[in-house]
Amino acid sequence: GQPVRLVDYRVPDFLIDEVDLDVSLDRTATRVVSTLIIRPNPAASDGAALTLDGDELTLVSAHLDGAPLDPEAFQATPAQFVLPNPPRGRFTLTIETRLDPASNTKLMGLYRSGSAYCTQCEAEGFRRITYFLDRPDVLSTYRVRIEADREEAPVLLGNGNLEGKGEAETAGRHWALWTDPHKKPCYLFALVAGDLAHISDAFVTASGRKVDLAIFTEHGREERARYAMEALKRAMAWDEKAYGREYDLDVFNIVAVSDFNMGAMENKGLNVFNDKYVLASQETATDDDYANIEGVIAHEYFHNWTGNRITCRDWFQLCLKEGLTVFRDQEFSADMRSRPVKRISEVRGLRAAQFPEDAGPLAHNVRPEVYSEISNFYTATVYQKGAEVVRMLKRLVGDEAFRAGMDAYFHRYDGQAATVEQFVGCFAEVSGRDLDRFMRWYRQAGTPKVTVRTAHDPAARTYRLEIAQSLAPTPGQPTKLPATMPLALGLVDPEGGDLPLVSADASEAELASGVFVLDDAERVIVFRDVARRPALSFLRGFSAPVTVDDDLTEQDLAVLSRHDPDHFNRWQALQSLVTRVLLRGVKAIRAGRAPERNAALVAAFGALIDDARAGRIDPAFAALSLALPTEADIAREIGENVDPDAIYAARKSLRGALGRKHGDALADLHDWLADARPFSPDAESAGRRALRNIALALYADGNIIDGLARAHRQLRDADNMTERFGALTQIVLKPSSAREHTSDAFSRRYAMEPLILDKWFALQAHIPERETLDRVRGLMSHRAFSMSNPNRVRALIGGFTGNHTQFNRPDGEGYAFLEEIVVGLDPTNPQVAARLLTAMRSWRSLEEIRRGHAEAMLRRIAVLPSLSPDVRDIVTRSLG
Ligand code: DPP
Ligand code: ZN
């Protein structure tokens, strides 16, 4: 589509106060009668035509104030409905459209998932149901009558409260009437109808409102929604305690569907979920699945206040609801689980998904200023970096002012469509802080680099820090300005423990909290009374989403990895040490030499394994520490002229060395972690399983025969999917004569479990062998695979694009395969096709030959005449 710009924002010319929808469901001929109470917007200039949005719509009839509209008095196309001369005051417009849900493959608007009808309207799907002012600043109350075949759809769900139900006039059909008293933008509209099972529960809010809770699933799967239900109740209680926010309707329904473009959707009172974020059982779900379910259930629930009660003025403000709500769900999960472990996982996720976005052609602001297809902006930058920005805000103003600012935000903007400026303004006001430079986080793309140089003067007993920030140009932003950032730090004594912070260059508050504010391009802080050179623990808790260039020695990193009181940095120190070794390893391999053996690193891993075995550290923390940086992590560190094969070889060599050197200790750890207790998905048990799986993996890397024997035993004995899949992973990723047989047996065992087969598809797509591309092509004919189901596509094709060596094959065949898929999928599901193509976002950082293949692939797509706006946008920006 045409680029839309933030600077062009204008208030709507008309407001729609009430929406009355009458939806009569039919697989191929659904009838929608929409009655809108419309009036001119007093805040706009009058005299404008009324232009409603549509998308592939078929108009049946139109009435104005109850009388049929003269065909001369309006224009309707599939994409628009225009009344050139609408009445001056309030009027009623009634429009009937006809839809074909069965052939809606885009999964936007009203479509079929399995045998059920469901909807997805964010961002611009409502216009695929009826003509409307499809923009988030038009807020209306909704009254929705849903009619369907009783046999086909005994369950009829809408937003808000159920007002009534009954037999329809047509035999065999019934209806339900839902009203939502809260004004909402149309992207929060939803309906679901089908033959669904459910579980129910209840929650009593702090002020005594009883809320009926239900989760709907396919028949036979409903018991797998129990964990999601528990998570929902925890989330409801947490939002009351942490933010004073209560639920505001009498019912809260969740529906799990299997065909869904996103993770889930926060429709008012009727959340619709991708079933992978609802369904879990000991037999079918891994611990990561459980954690994701807890997080996504909470996320969508929290949207009720941050997104629904207060929504976005326009789609440029998407981070206002998404970044904030991700921050809220992250804090919730941190409270439910281990805070440092959660923080490490978040940062790993940010670096894996957001940093590459910021470093490549698709870089954009947390609050973008232009888009041509909004669905391409549901990105790691808007979500994850958006959450980091809110986290920084909290650090800067402090816990108390943060809560006061949130209270002010809820109070002031409830029932409205707000902007980022209004949100940040609340915190400026309550804290008295100038947040103008902080706003740059929303207005500048790219990951800032913070450079820190240290100097210890033993005679003067001073320790000097010179800190500087810089930000490289990104597309359309050649020059950048410094942004306010909180830098948490400590000085760790070589013997362990933090030194007291004494300095004339910092405020009392900074010295007391250890959080120093960098407002300018540079800052110097000289600490006093520092007798011995400490190890600098910088950016504790990852207090700002930046990269760090420091002058720490490997000795410092070793000290920090053992003694840093900040657990995030304890993990970070070992990761940094491993990264340095791997970067040298890659260089050596590319120069035809063998990678070094690093005794300090081997020793650090030995100490970690011993600590874990002795129960001195949290198993989940140990598991994260033993996991080496990924191939993509190393590629990002290298940044240019990347050779994926060299990265793979360096990593493999180090893993092998660690596994061999610590084989006995790892085997012992693996045995010790076998859990005889009954299964529980709690964080502590999950941590032990995570550690057990990484112990197995590292052991098998250094001791292939015994390692595979261990993996086969674990596969056989496991009573849960985490351990079973951890074992299968080793068996499938490593070549052996038993591989195919074991893998096939697994897929037969779970032939009726699509979500498990997704893991299996993704695992096969990750095999680091040349044959994998053919294997993936073959799996596309597997009976459980379907190009029309987004989860299957993301598992197999998305999984393959994450296979660093095979997707980036030097012959370009990996890219050619993706091209085939994207071009083939684009006509039916452009959103998913566009998302897959973002796998090319780092193409410029590759070495010359691969870069050439990647560019040629993008150019072949770019010249195709009939691309969707979604794919056209990604390919254009990727080449830009
Ligand atoms: N459903 C997506 C989310 O919750 C978009 N709102 O993040
Ligand atoms: Zn969200």
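Over residues 446-550, the chain is 6% helix and 41% strand, with its end C-alpha atoms 19 Å apart. I start there since UniProt, in an unreviewed entry, lists 446-550 as "domain: Peptidase M1 alanyl aminopeptidase Ig-like fold". Keep in mind throughout that this is a predicted model.

Next, the domain assignment. It splits the protein chain into domain 1 at 4-195, domain 2 at 311-443, domain 3 at 449-482 plus 484-541, and domain 4 at 552-629 plus 639-707. Take domains 3 and 4. Their centres, computed over C-alpha atoms, are separated by 29 Å. Where they meet, 10 residues of domain 3 contact 10 residues of domain 4. On the domain 3 side, β27, residues 485-492, and β30, residues 535-538, each supply at least two residues. The largest share comes from β30, with 3 residues. By class, that side of domain 3 has 4 nonpolar, 4 polar and 2 charged residues.

Now helix α14, residues 631-638. Which of its residues are buried? They are Glu-631, Asp-633, Ile-634, Ala-635 and Arg-636. The cover over them includes α4 (339-359), α11 (567-590), α15 (644-661) and α24 (804-807). Just after the helix, Gly-639 has a positive phi of about 85°.

On to a strand, β16, residues 191-194. In a regular strand, side chains alternate between the two faces of the sheet. In β16, Leu-191 and Ala-193 lie on one side, Val-192 and Gly-194 on the other, and all of these are buried, with both faces covered. What does β16 pair with? One partner is β11, residues 116-120, antiparallel over 2 bridges. Another is β13, residues 155-158, also antiparallel, over 4 bridges. Ala-193 is a useful reference point here: Tyr-117 stands opposite Ala-193, and so does Leu-156.

Last, the ligand. What surrounds ligand 1? The shell is Glu-122, Met-262, Ala-264, Met-265, Glu-266, His-299, Glu-300, His-303 and Glu-322. Two elements, β20 (264-265) and α2 (287-302), each supply at least two residues of that shell. Sorted by class, the shell holds 3 nonpolar, 2 polar and 4 charged residues.

That is what I have. To recap for anyone setting up calculations: the ligand 1 shell includes 4 charged residues, and the contact between domains 3 and 4 involves 10 residues from each.

Key: Residues are numbered from 1 along each chain as its sequence is written. Chains are lettered from A and ligands numbered from 1 in the order in which they are written. This is a predicted model: local features need pLDDT of at least 70, side-chain atom pairs count only at pLDDT 80 or more; totals for chains, interfaces and linings use all residues. UniProt positions are given in the numbering used here, feature names are shortened, and annotations may be inferred rather than shown by experiment. A residue is buried if 20 or more other C-beta atoms lie within 10 Å of its own, exposed if 12 or fewer, and partly exposed in between; C-beta atoms are placed from the backbone. Two residues are in contact if their C-beta atoms, placed from the backbone, lie within 7 Å. Two strands pair if DSSP finds at least two bridges between them. A residue is near a molecule or strand if its C-beta atom, placed from the backbone, lies within 6 Å of it. Ala, Val, Leu, Ile, Met, Phe, Trp, Tyr, Cys and Pro count as nonpolar, Asp, Glu, Lys and Arg as charged, and the others, Gly among them, as polar. Domain bounds come from an automatic or database domain assignment.
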